[in-house]
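Got the viewer open? Here's a short tour: select along as you read.

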Amino acid sequence: MSELPDTPRRFVAGAKCPGCQAMDKVVMYRKAGIQYRECVACGYLDEMAFEQNFRELETRVNRTEQEKQEELAVVRLLDTGRPT
Ligand SMILES: [Zn+2]
């Protein structure tokens, strides 16, 4: 499926930089499907692996694929299961 679109850098209100502890200096943005957190004050950069939308999308795709495979397996059993 398609990746999530890139997003522009947006300041996170009330967020504190884990690197320099500065308030309201942290921006969030997404690039190539990965969520990043960056501090404009000290250059701290962090990858956010837990992006919720991304996870939901993955789960949905996996489930659909599994359903398809199960359907195919059932059809194959019916076709080849009977002796001719
Ligand atoms: Zn910082």
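## Start at the sheet

This is a predicted model, so to speak a computed picture to click through. Select F11 to begin: across from F11 stands V27, a residue of β2. Now bring up both strands in full. β1 covers 10-11 and β2 covers 26-31; the two run antiparallel and are joined by 2 bridges.

Zoom out to the whole sheet. You'll see an open sheet of 4 strands, paired antiparallel, in the order β1-β2-β3-β4. Which strands sit at the edges? They are β1 and β4 (45-48), each with pairing on one side only. As general background, sheet strands pair through backbone hydrogen bonds, parallel or antiparallel.

## Into the loop

Next, pick K16, in the loop that links β1 (10-11) and β2 (26-31). Is K16 buried or exposed? Something in between: K16 counts as partly exposed because 14 C-beta neighbours lie inside 10 Å. Setting aside residues up to four places away in sequence, K16 touches Q21 and M23. Then draw a C-alpha to C-alpha distance from K16 to V26: you should get 6.8 Å, for a pair 10 residues apart in sequence.

Stay in the loop between β1 and β2 and select A22. A22 has 15 C-beta neighbours inside 10 Å, so A22 counts as partly exposed. Which residues does A22 contact, beyond those within four places in sequence? Light up C17, C39 and A41. Last stop: C42, which is 20 residues along the chain from A22, with 8.8 Å between their C-alpha atoms.

Technical notes. Residues numbered from 1 in each chain as written. Predicted model: local features only at pLDDT ≥ 70, side-chain atom pairs only at ≥ 80, totals over all residues. Buried ≥ 20, exposed ≤ 12 C-beta atoms within 10 Å, placed from the backbone. Contact = placed C-beta atoms within 7 Å. Pairing = 2+ DSSP bridges.
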